[in-house]
Amino acid sequence: MMLADGVVGQMMEKVVLPPARRRRTDEEIADRCPWAVTGCPPSRKPNVSTTLELDPMLMEKHNIELQEKYTAIARNEVRCQQYATDDAEYLIVAFGSVARICQKAMEVAREQGIRVGLLRPITLWPFPTDEIARLSRQVKGILVVELNAGQMIEDVSLSLDANIPVCHFGRMGGIVMDPAEVLDALKHNFKIS
């Protein structure tokens, strides 16, 4: 599936598309992907894709399997990047294109003697809860910066392992903040002179 709204060019991660492959034949699909929904050839029973199971025992078994899968994903698939967090007194949490703006704000803050680090979640689910919990024990406050009304601030707040303030700075309507605005928000919210 391709994104056709121009977002690909604004993503922070490099986009790597797989090489084009020829379409598999129905026989190859049936042989390699028996789970695929391709109709009902006479060689097998029909595949039905659904999460609704009317037998409560089977539904419970299915839900237990899903919970095990979600737990494995949460354990193995968390991805984030950290910048200058080793000695940080304040932390900025930002994802996507805003993280690049915040990285520049962090650099300017450090030039001014303010020890700021940046945590950039790459996966928003699973969320980098453990990393935020660890960093919350060392910093005085966290600024969550987003191009929205603050959808990530609750995730950050729930991840804390210390009683520190968490503040939000965001812009909406297509207005993109600049590094100076992020730095001003950090200074204002945490009374940094």
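## Threonine 123, tucked in

In this predicted model, threonine 123 counts as buried because its relative accessibility is 14%, and the cut-off for buried is under 20%. You'll find threonine 123 in the loop that links strand 3 (116–121) to helix 4 (129–136).

So what does threonine 123 touch, leaving aside residues up to four places away in sequence? The list is Glu77, Val78, Arg79 and Pro128. Its side chain also makes a couple of polar contacts. One polar atom of that side chain sits 3.0 Å from the backbone nitrogen of arginine 79. The side chain of threonine 123 also reaches the backbone oxygen of proline 126, at 2.8 Å.

## The sheet

Now for the sheet. It is an open one, built from 5 strands in the order 1-3-2-4-5, with mixed pairing. Strand 1 (80–83) and strand 5 (166–170) are the edge strands, each pairing on one side only. Going from one strand to the next, the twist averages 20°.

Take a look at the strand 5 end. Strand 4 (residues 141–146) pairs with strand 5 in the parallel sense, over 5 bridges. Here valine 145 stands opposite phenylalanine 169 of strand 5.

## Helices across the strands

Helix 4, which follows the loop holding threonine 123, lies across strand 1, strand 2 (90–93), strand 3 and strand 4. It runs at about 25° to strand 1.

Which strands does helix 6 (residues 179–189) lie across? Those are strand 2, strand 3, strand 4 and strand 5, and helix 6 runs at about 145° to strand 4.

Methods. Residues numbered from 1 in each chain as written. Predicted model: local features only at pLDDT ≥ 70, side-chain atom pairs only at ≥ 80, totals over all residues. Heavy atoms only, no water. Helix = DSSP H or I, 4+ residues; strand = E, 2+ residues; numbered from the N terminus. Buried < 20%, exposed > 50% of the residue type's maximum accessible area, 1.4 Å probe, protein only. Polar contact = N/O pair within 3.5 Å; in protein donor to acceptor, adjacent residues only side chain to side chain. Contact = heavy atoms within 4.5 Å. Pairing = 2+ DSSP bridges. Axes fitted to C-alpha atoms, helices over the stretch in contact; angles between N-to-C directions.
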